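This report looks at one helix and its surroundings, beginning at the start of the helix and moving on to what lies against it.

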Amino acid sequence: MTKRERVQRTYRLEKPDRPPFVPAIYEHKAFLIGRSPSEVCRDPDLLEAALERELELYDPDMLVVGVDVYNVEAEAAGCQVAYFEDRNDVPATTSAIVQNTGDLTRLRLPDPETDGRMPLYLKAAENLMRRHGAEMIIRGAVSGPFSIASALAGPEHFLVVLLDQPDSALRLLEYAAELTVAFGLAFLQRGAEPIVFDSRAAPPLLSPRLFRQFVLPLYRDRIFPEWKAAGGRHLPLIIGGNTTPILDELMATGATQLLADAGSDLQAFRQRCGQAHLAFRASVDARLVHRGPADAIREAASDILRRVGDYPGLLLGCGVVAYDTPAAHVLAIREALEAFSSP
């Protein structure tokens with residue numbers, strides 16, 4: 001069974017030979033080749049080298065073309081991003097560009113084919129598809145609209161706008177959704193499938209009521225329908241933290257895979273995703289994966305598998321792997337998976 005077949009069976013809730021292994025490797029890619037995230041996220045050759053090393057070392061069932069996943073679209077729209085030439089911190093946006101209603105009228109929609117670093121990631125996805133696409137799904141990292149809007153306006157300021165000026169907030173979210181759609185479509189044109197990250201929309205940062213009012217319609221009525229119309233079939237929505245309070249809303253978005261992050265109610269995900277015929281990824285806590293030891297990580301992964309490992313739509317991974325995490329800590333999750341799957 002190829003990696004692609006394993007994942008496709010999982011998404012159809014047809015029992016695969018084992019659950020797919022999908023660790024969350026982003027800035028950690030740079031560590032694998034001895035470079036900084038700021039170098040790898042701006043250099044196409046280093047990015048592809050890091051992705052190939054990730055495949056060689058961890059043998060995941062999917063690869064995600066992404067490093068600093070919440071900066072790319074915001075930077076292309078005009079935000080400044082701080083890069084760190086002499087240390088291994090993750091790049092971060094440093095300037096909000098939407099402070100008032102007038103700023104909204106000056107926003108230009110970036111073109112994924114030409115603007116910012118979006119073309120770099122599209123090219124990497126295209127090259128990986130050519131080398132590995134027949135055997136495995138290649139994913140393109142895309143920021144979700146709430147996270148983009150938070151970057152453009154500043155996270156705290158945007159929450160104030162959301163409460164005090166909902167019409168302005170909605171206009172910014174609609175702009176951000178258009179950008180999310182465009183970047184995802186560009187990946188789909190290359191055969192890669194978008195994976196959308198929107199963790200700023202997670203509770204308690206955003207209440208379930210506000211999620212239903214502002215975020216759910218963007219995914220349900222626009223983002224996922226447009227991607228599906230363009231051929232997208234395996235479309236995860238990744239929102240970290242304990243998302244059990246918004247599980248019904250997440251299932252209504254149209255995503256074809258959800259994330260049950262550490263702290264979420266795995267049994268609730270299993271029961272309700274089963275009713276909705278949805279795959280979900282269960283995650284070992286990223287803090288444990290970083291600090292170890294490997295035996296504790298292996299036991300945590302084994303505990304997840306004992307609890308929900310017989311769910312045919314399960315993928316197993318972890319929270320975002322920190323830059324300097326020892327490789328043995330990530331491999332401990334895979335070892336638990338292999339032990340679980342052995343006859």
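At the start of helix α13, a side-chain oxygen of Asp265 comes to within 3.1 Å of the backbone nitrogen of Gln267. The model is a predicted one, and in it α13 spans residues 266–276, with Leu266 among them. After the helix comes His277, whose phi is positive, near 60°.

The two sides of α13 can be described in turn. Leu266, Ala268, Phe269 and Cys273 are the buried residues of the helix; because they cover an arc of only 150° around the axis, they are placed on the same side of α13. On the other side of α13, Gln271 and Gln275 are exposed.

The buried residues of α13 are covered by several elements, including the four in the table below.

| Covering element | Residues |
|---|---|
| α12 | 247–252 |
| β8 | 257–260 |
| β9 | 279–284 |
| α15 | 294–308 |

Which residues does Leu266 contact, leaving aside its neighbours within four places in sequence? With those neighbours set aside, Leu266 is in contact with Ala260, Phe280, Ala282, Ile304, Arg307 and Val308. One of these residues, Phe280, lies 14 residues from Leu266 along the chain, and the C-alpha atoms of the two are separated by 9.7 Å.

Is Leu266 buried or exposed? Its relative accessible area is 6%, and because buried means under 20%, Leu266 counts as buried.

Definitions and conventions. Residues numbered from 1 in each chain as written. Predicted model: local features only at pLDDT ≥ 70, side-chain atom pairs only at ≥ 80, totals over all residues. Heavy atoms only, no water. Buried < 20%, exposed > 50% of the residue type's maximum accessible area, 1.4 Å probe, protein only. Contact = heavy atoms within 4.5 Å. Arc of directions from axis to C-beta. Polar contact = N/O pair within 3.5 Å; in protein donor to acceptor, adjacent residues only side chain to side chain.
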